[in-house]
Amino acid sequence: MKKFLSLLFSLVLLCACSSQDNNVKSVVDNYFSSVQSGDYQGAVFYYSDDVEDGYEISGLQEELNEIYQEYDLGEDFEDASNDFVSNVLKRLVSSYTIKEVQVNGNEAIVEAVVNGIHTDALNFDNIDDELNGEIDDYTKNNESVLQQLYLEQGEDAMYAKIYKDFTKIVYDWMNEQVNQADTIDYKVRLELKQVDSQWKISEIGIYDYELNS
């Protein structure tokens, strides 16, 4: 009888551990699926409040939101910003394979290999130099149109058009950089913890770029 109870207890523990592994894996699968589909809100749903996001997608979205709110650039800028973040997400994770799941109480570690663009490739520091010519051309080619708009509808209407047109110029260039970036294989380590009985991603570490080189 004791041997049977011991075996039963061992089976219960084994099933419980297996269930936790599956729960953790499911969260990571759902997270990566959201990233692949460009769903920002769906991705950050799986973050803890104090997440250390190796992809920095939450910081990117927050920075764009701050610019939009500070300068009141209009719905065109907000829509273009959201589309840009979605495009970045889709390119960050083209495919992935979960290699290992470790659960220890209320904490877990997931190791995965991901194929996607190198985050360091997304460097827009030189955007002013790159777009200076295009903006000059825009100003020259639209000078009469802008003057006419100013005379007929006022300064606000003129600047509204400028913001809208500049938004397209800027985001077309930024999306082009994202779309042209090469994809590579790299390792990702995700740390998770239980928050209110739900598994949340608390840290994403990205390392070992260019595994296929």
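**Exercise 1. Place Ser-202 in the fold and decide whether it is buried or exposed.**

Solution. Start with the secondary structure: Ser-202 belongs to strand 5, which covers residues 198–207. Keep in mind that we are working with a predicted model. Next, take the relative accessible area, which is 14% for Ser-202. Buried means under 20%, so Ser-202 is buried. Finally, list its contacts, leaving out residues up to four places away in sequence: Ser-202 touches Ser-48, Asp-50, Val-51 and Glu-52, along with Glu-191, Leu-192 and Lys-193.

**Exercise 2. Find out which side chain of opposite charge is nearest to Arg-91.**

Solution. First locate the residue: Arg-91 sits in helix 4. Arg-91 is buried. Now look for a partner: the nearest side chain of opposite charge is that of Asp-182, 6.4 Å away. A salt bridge requires the atoms to be within 4 Å, and Arg-91 has none. What does Arg-91 touch beyond its neighbours within four places in sequence? Its contacts there are Gly-116, Ile-117, Val-178, Asn-179, Gln-180, Ala-181 and Thr-183.

**Exercise 3. Decide whether Glu-75 is buried or exposed, and name the surface patch it joins.**

Solution. Helix 4 spans residues 75–92, and Glu-75 is part of it. The relative accessible area of Glu-75 is 61%. Exposed means over 50%, so Glu-75 is exposed. On the surface, Glu-75 gathers with Asp-76, Asp-79 and Asp-83 in a patch of negative charge.

**Exercise 4. Summarise the whole chain by counting its helices and strands.**

Solution. Count the elements: there are seven helices and five strands. Then turn to burial: 35% of the 213 residues count as buried.

Notes
Residues are numbered from 1 along each chain as its sequence is written. This is a predicted model: local features need pLDDT of at least 70, side-chain atom pairs count only at pLDDT 80 or more; totals for chains, interfaces and linings use all residues. Side-chain values use heavy atoms; hydrogens and water are left out. Patches are made of residues with over 30% relative accessible area and no salt bridge: like charges are joined within 9 Å, nonpolar side chains (Val, Leu, Ile, Met, Phe, Trp, Tyr) within 5 Å. Accessible areas come from the Shrake-Rupley method with a 1.4 Å probe; for residues, only the protein chains shown count as cover. Lys and Arg count as positive and Asp and Glu as negative; His and the chain ends are not counted. The place of a charge is taken as NZ of Lys, CZ of Arg, CG of Asp or CD of Glu. Helices (H or I, at least four residues) and strands (E, at least two) are DSSP runs, numbered from the N terminus. Buried means under 20% relative accessible area, exposed over 50%, partly exposed in between (1.4 Å probe, protein chains only). Contact means heavy atoms within 4.5 Å.
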